[in-house]
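Here is a short tour for someone meeting this structure for the first time. Keep the sequence and the 3D view open while reading.

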Amino acid sequence: MKREFIKTEDGSMTIYLPEMDETYHSTHGAIQEAEHVFIKHGLNAVDSSEKLDVNVFEVGFGTGLNALLSMKHSRHLYLNYDTIEAFPVTKDEADKMRYCELVGDDFKVYYDKMIRCPWGKKESLKFGMTFFKIHEKLQNYSLTKGKYDVIYFDAFGPRAQSEMWEIAILQNMFDGLQEGGMLVTYCAKGQFKRDLKSIGFEVESLPGPPGKREMTRAWKPETEEED
Ligand SMILES: C[S@@+](CC[C@H](N)C(=O)[O-])C[C@H]1O[C@@H](n2cnc3c(N)ncnc32)[C@H](O)[C@@H]1O
């Protein structure tokens, strides 16, 4: 599928797919959106006073922007980052994004490592961060049950890719979360939120990033212990 490279309103780049009429990030600002949805309301909402390590699962590794920002902003001592991608971008395409010029040149060496990292092999990216890329369609992959503190659900939107928003996919992510874990996404569609509730998530609507009214955070409830 043809990929075009466009600048978003905060100066950071994204990829546009003309055939799907879909972008990898918000055109109002790729970095702004990722920091707001996935870092502020996802990763950094995990209580760092109680946890030394945090397990993240990202749906749709894409350009690696969310992984790069997670590395930069994690408040946890250890970050274990697993991500799935069905249609990887190439190293040349990733270079066109020039994210480290905005995120920090110090991260370039690690960003390059993420992009080059072999699929299906867990790597230690730097002290305190393990990284695992899965080359597969999410529909064909079962998350490890009860493993994750946070899931970044960064699929293309329901209009462009409805199969990624089906109940079976949401159930897979629910099962992959620890009790008290959360799923975060830019999507705030009513049907999506109703589907999350029907599976057992506790659903929160939060203010969205610039250009979007709302986003969604959904928690897997803790089961109450019997006396
Ligand atoms: C909205 S973009 C994600 C952007 C990415 N998080 C980033 O920071 O660049 C959606 C991603 O999901 C990937 N994708 C599409 N279908 C998929 C599938 N069935 N399973 C896993 N990934 C898929 C796309 O190739 C694309 O990289």
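## A starting point: Leu77

Leu77 sits in the loop that links H2 and E5. The model is a predicted one. Is Leu77 buried or exposed? Leu77 has 12 C-beta neighbours inside 10 Å, so this residue counts as exposed. A residue with 12 or fewer such neighbours is classed that way.

Leu77 still has partners from elsewhere in the chain. Leaving aside residues up to four places away in sequence, Leu77 touches Leu52, Asp53 and Gly128. Phe127 lies 50 residues from Leu77 along the chain. The C-alpha atoms of Leu77 and Phe127 are separated by 9.1 Å.

## The eight-stranded sheet

Next comes a sheet of eight strands. This sheet is open, and its pairing is mixed. The strand order is E6-E7-E5-E4-E8-E9-E11-E10. Which strands stand at the edges? They are E6 (123-126) and E10 (202-207). Each has a single partner strand, so one side of each is left without a neighbour in the sheet. Neighbouring strands are turned by 25° against each other on average, ignoring direction.

Start at the E6 edge. E6 pairs with E7 (residues 129-135) in the antiparallel sense, over three bridges. Here Glu123 stands opposite Phe131 in E7.

## Strand E8 and its two partners

E8 has a parallel partner in E4 (residues 53-59), and four bridges join the two. Val56 is placed opposite Val150 of E8. E8 also runs parallel to E9, again with four bridges. Val150 appears in this pairing too: its bridge partner in E9 is Met182.

How many residues of E8 are buried? The count is six of six, so E8 is largely enclosed by the rest of the structure. As background, side chains in a regular strand alternate between the two faces of the sheet.

## Toward the E10 edge

Beyond E9 in the strand order comes E11. E9 and E11 are antiparallel and share four bridges. Met182 stands opposite Trp219 in E11. Met182 is also the E9 partner of Val150.

E10 and E11 pair in the antiparallel sense over six bridges. Pro207 has Glu214 as its bridge partner in E11. These two strands form a hairpin with six residues between them. In that hairpin, Gly211 takes a positive phi near 90°.

## The three-stranded sheet

Another open sheet has three strands, in the order E1-E2-E3. Its pairing is antiparallel. The edge strands are E1 (4-7) and E3 (22-23), and each pairs on one side only. E1 and E2 are joined by four bridges. Among the paired residues, Glu4 has Tyr16 of E2 as its bridge partner.

## Helix H1

H1 covers residues 30-40. Nine of its 11 residues are buried, so H1 is largely enclosed by the rest of the structure. Those buried are Ala30, Ile31, Glu33, Ala34, Glu35, His36, Val37, Phe38 and Ile39.

What covers these buried residues? The cover includes helices H2 (65-73) and H4 (99-103). It also includes strands E2 (13-17), E8 (148-153), E9 (177-185) and E11 (214-219). Strands of both sheets therefore appear in this cover.

## Where H1 meets H2

H1 and H2 pack at an angle of about 65°. Their axes are 10 Å apart. The crossing is right-handed. On the H1 side, the contact residues are Ala30, Ala34, Glu35, Phe38 and Ile39. On the H2 side, they are Leu65, Asn66, Leu69, Ser70 and His73. The residues of this contact divide into six nonpolar, three polar and one charged.

## Around the ligand

How many residues surround the ligand? The shell holds 16. The closest are Gly60, Gly62, Thr63, Leu65 and Ala86. Leu65 also belongs to the H2 side of the contact with H1. H2 and E5 (78-85) are the elements that give two or more residues to this shell. By type, the shell divides into eight nonpolar, five polar and three charged residues.

Terms used. Residues numbered from 1 in each chain as written. Predicted model: local features only at pLDDT ≥ 70, side-chain atom pairs only at ≥ 80, totals over all residues. Buried ≥ 20, exposed ≤ 12 C-beta atoms within 10 Å, placed from the backbone. Contact = placed C-beta atoms within 7 Å. Near = placed C-beta within 6 Å. Nonpolar A, V, L, I, M, F, W, Y, C, P; charged D, E, K, R; others polar. Axes fitted to C-alpha atoms, helices over the stretch in contact; angles between N-to-C directions. Left-handed = near helix turned anticlockwise from the far one by under 90°. Pairing = 2+ DSSP bridges.
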